[in-house]
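User: I'm new to this structure and would like a close look at one part of it. Please take me through its cavities, starting with whatever helps most to build the walls.

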Amino acid sequence: MRSGCGRPQMSVCSAWMMGWVVILSLWISATEGMKFDQIKSLRVETEQMFYHGFENYLEHAFPEDELRPLSCQPLVRDRKNPGHAELNDVLGNYSLTLIDSLSTLAILSSSPDDGQKAWEYFQDGIKDFVRLYGDGSNGPAGQGERSRGFDMDSKVQVFETVIRGLGGLLSSHLFAVGDLPITRYSPPPAEAAYAKAWDKASFTGDKGGISWNNGFVYDGQFLRLAVDLANRILPAFYTDTGLPYPRVNLRHGVHKQPFYANSPLNADTTHGCGGRDNDVCVVSSPEVTETCSAGAGSLVLEFTVLSRLTGDGRYEELAKRAFWSVWHRRSDIGLIGAGIDAESGKWVAPFTGIGAGIDSFFEYAFKSYVLLSSGERPDYNNSSPWHILDDYFVPLSEYEHSPEAFLQVWEDSHSSIRRHLYRGEGYQHPHLIQGDIFTGATRAFWIDSLSAFFPGLLSLAGELDEAIGIHLLTTAIWNRFSGLPERWNVATGNVEGNLGWYGGRPEFIESTFYLYQATKDPWYLHVGEMVLRDIKRRCWTKCGWAGLQDVRNGELSDRMESFFLGETAKYMFLLYHPEHPLNNLDRPFVFSTEGHPLVVPRSTYSTKPQHKTRESHKNEFSGELVCPIAPSPPTFGLSSTAARPDVFHAANLARLDLMPSRGPPEGSLEQPAKDRPGVTIADLTSPTNYTFFPWTLPPELVPFNGTSSAMTIRPTLDISFPAVPGMAYGPGSLERVRDGILVKTIGGLRMSMIKDASALSAEESEFRVQVVNGVPLGKDEKVYLLREITFDVLDPGDPNFTRMRDPAMIDLVIDVLPESFNQRNDSNDGRESTTTGNGGQQEVLTTKSSADEGKDPVPVDGSESNIKDVLSSLVSSVSSLWREEVDQLNTHSPSAKKTLSTRLPIPAAVATGLGSGPLPDVDDTPLLSVTGGASQARLPWSDIYMAGDLCGQRITRDVAQSHQVLVIKRGGCTFSQKLRNIPAYPPSRNTLKLVIVVSYEEEMHIQSQQHLGPGLAAILAEPYLARPQLDETQVTTGGIPRRHLLSMVMVGGGKETYELLRRANGVGLKRRYSMRSQGVPISNLFVA
């Protein structure tokens, strides 16, 4: 009894409390994510990985450019084979790995473990480099043991030399003078000021500089060397396009090896090597002038910092001009290509993507916005030897210099990429493809390893969800291959071709670092651990870190790229050092595309800016910048990424189920790296279950109730038509027009369609034709079917291909004579002028008028319009076909030349309501003939009367009986009142058939489009056009119900359209039809 009540109550209470204690302990354990000791251990391992590579480089390769880790020898330029671009573009014979590694050493100097060692290596590295190459001055100290600065006969790639050499020098200088933070390093202000100053004339007394413990005095040697290197690169920038030549010789510029005959610097050299200056160049095949968007457009960060540090704005402007020269050549859909010719400015190939040849252009668009947001650009230094070429280019505009302009480029680029290259959830898992630069059509399905940078850029720009989704797939691919193959095919799931190598590229770990900084999700710490373990297990050699020749079999390549120490190890270290000063620096600094930190120092800020400030452009950028909130972790967990419902989708697309079981460990514990273990037992372990990835992910981070969402795979439909007897089929059955494909015959036609969400409603769907007869289409491309095919061949009751008439819209088709032969239509409206603007005319159709026999043809301006509307695009596309037919006719029969009319379509809204009448019973007037050329069909109506607003006056019965078309203005009274002012008349062939109302209300929407070509105002007004509402029954002027109802339509364009109809000598109409398949609209299929 004593315990009968009390003890059971205590047990229930204790059990309840113990349950919460267990849950709370599990929650605390889970929310810890990766423990501090584990993070520290991974940071130490990363430092050891760096030192193993760097120290072996110093021992076996320095002062040459790179290390052969298998043969323990240096890797140098291929002097015997100058065309060996893979080596010679990068290796300039100036100790490349040392330059690329110094900024990593500066960052490692803030390590709480081996920071002092890194700092000593950093100081000694600068001292040794100056010993070998001089201090960049013109005096005796400028001569080094190997050369005077970069005065060496090396033909190198402009892009690689800038991002590795120039970027490495500038970043090291910024660390050395204290403009970039290093823990426990703060040089004396007076010494630092002397080292920072480019012009030291203002300093008096003994020579100053920052004294280091190794006995070296740093007084800005690397800044002077950077100027020396930049000046040797500048000859490549002087081209007619502003695009730099792809290569330059560090000693001879563009004057010899390479020799670019069209460079203004070679203007005094006659006929290349055949002129008087035979020693200038070497007889060889013509130099390649093809550069790439990334190579030309990714120089702004380095050159801007150089200009700000030296006070010479020339470098900054040349790099910005190259950037804009790429961007201004983008396609109509906002895409840039990979290869571009530096002399002509033309795209070399019509392919585009986000990877090789393009990648860093997008990166520098956004990062230039960050870097340029501080400080002001300086003017040119008139004492520079390049002053004589200052007038070669027209100066850039103030807007092109502004940070907002670069941000706008990023926003526009991202929008175009999302529209044309991004494949979302309906394609198993988000990824990006290779597309056509002009149409966006799919060209290839491979993803290259360089594109792994994109999630990092997206996270910097605040596009977190998109970044996380794309990064998931890259993580799954790495998980499958223990490395990123150079190219991987989304469609097949295999390595593309034989491009299976991995050379230690940093892009994947770079994006992992940025995403962790943005989300603090421990998932990314384990992704980094996976990369670290796999590199140590597969790439370790006794003399450094080798690349993988093939990720599938583990074959090693005998090269340690400089970027492995300059970028890969750097981002890995920063990932595991959250307290690093760079990770907490509240300043607009950036990492270059080679991973070198860059910043515009405050000491370069001007107190009196000479140029337009950032605030001056705030109205020129319309975007709203919002920093997104990181995804929230699940309840009783920490990793929002591990809990995402699409984790399995990425695994499925990467085919993780095909991952082979690993055999014996591939690594070795032999000959560890000096006093540190090269590879540990932990590095040799491998997982047995790949359901979740990365394979280093601990089970506690996997949510206990995690589920996978249903995989969305959009339905596809293929439609094929048999060959029709007597009709040609094959390649000639299609005609490429400006915004799509014109189908000229149905026989043998094959169309592949995919179902998209409707543009009007997310709940509805529509088909989109994506392939026609094997020709891929972009998302904005259209397919046009000739009307004769649609009506005469196809079965209107076919459920897979059903024709649907548009009840609301039609197209008026008019013929307009050139103004010099113009006969104005009758009108009692004297208030309108007969003149029209002649600005950027649209390319238009021309046709013969039977009333104009014997007159000479009048030329019609054919400049192309940029309007993307369906009708204007179609008119612009086929006009050349029509013009060719007319030219051939005139050529064969000169005596039969006829005055050419302009045939134009005008969108018209059909009246609705109680008083609306049916459209006239006439055949449609096609724009195209069955042969694909412009139609020569005669228009049904030729008598047109201009009646003003038709409110305060009536037209006579004679007018109604002698004119087939009546044109009136909108406004002043109701539509029904306008019709009431038309008298009754007996119908005949020549009496009134159609009333056209011209609306002026849409002019406000198109007022920014000045000097429109004929008919374009009406086309631009179509989205704002309303159907005329006739609420009353039609009656005559006497109030009697009208027996024969009048047809009314309304067109937009205001004054321009009214004047166009005044000059028309023929009017017809063309009903609009759309196509449906199985009841679903086909969004991009039109009847021409």
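Analyst: Start with helix 16, which gives the most to the lining of the largest cavity, with four residues. Keep in mind that this is a predicted model, where local features need pLDDT of at least 70 and side-chain atom pairs 80 or more, while totals for chains, interfaces and linings use all residues. Residues are numbered from 1 along each chain as its sequence is written, and side-chain values use heavy atoms, without hydrogens or water.

Helix 16 covers 464-481, and it has company: strand 11 (431-432) and strand 14 (446-448) also supply at least two residues each to that lining. (Helices, H or I with at least four residues, and strands, E with at least two, are DSSP runs numbered from the N terminus.)

How much space lies in the largest cavity? About 210 Å³, counted as the space filled by probe spheres set on the grid points. A cavity here is a set of points on a 1 Å grid where a 1.4 Å probe fits but cannot get out, and lining residues have an atom within 4 Å of a point.

Now for the walls. The largest cavity is lined by 19 residues, and the closest to its centre are Ile447, Asp448, Ser451, Ala452 and Thr474. Sort the lining by class and you get twelve nonpolar residues, six polar and one charged. (Ala, Val, Leu, Ile, Met, Phe, Trp, Tyr, Cys and Pro count as nonpolar, Asp, Glu, Lys and Arg as charged, the others as polar.)

Where does the largest cavity sit in the fold? Both domain 2 (238-265 + 284-444) and domain 3 (449-561 + 636-659 + 683-708) give residues to its lining, so the largest cavity lies between the two. Those bounds come from an automatic or database domain assignment.

There is more to look at, too: a search of the whole structure turns up four cavities of 30 Å³ or more. The second largest cavity has a volume of about 70 Å³. Its lining includes the run Tyr502, Gly503 and Gly504, and further along the chain you can pick out Ile535, Cys539, Trp545, Ala546 and Gly547. Arg559, Met560, Glu561 and Phe564 line the second largest cavity as well. By class, that lining splits into seven nonpolar, three polar and two charged residues.

To find your way back to the main space, look between domain 2 and domain 3, then follow helix 16 along the lining.

Terms used. On a 1 Å grid over the protein atoms alone, a cavity is a set of points where a 1.4 Å probe fits but cannot get out, and a pocket is an open set with protein on both sides within 12 Å along at least five of seven lines; lining residues have an atom within 4 Å of a point.
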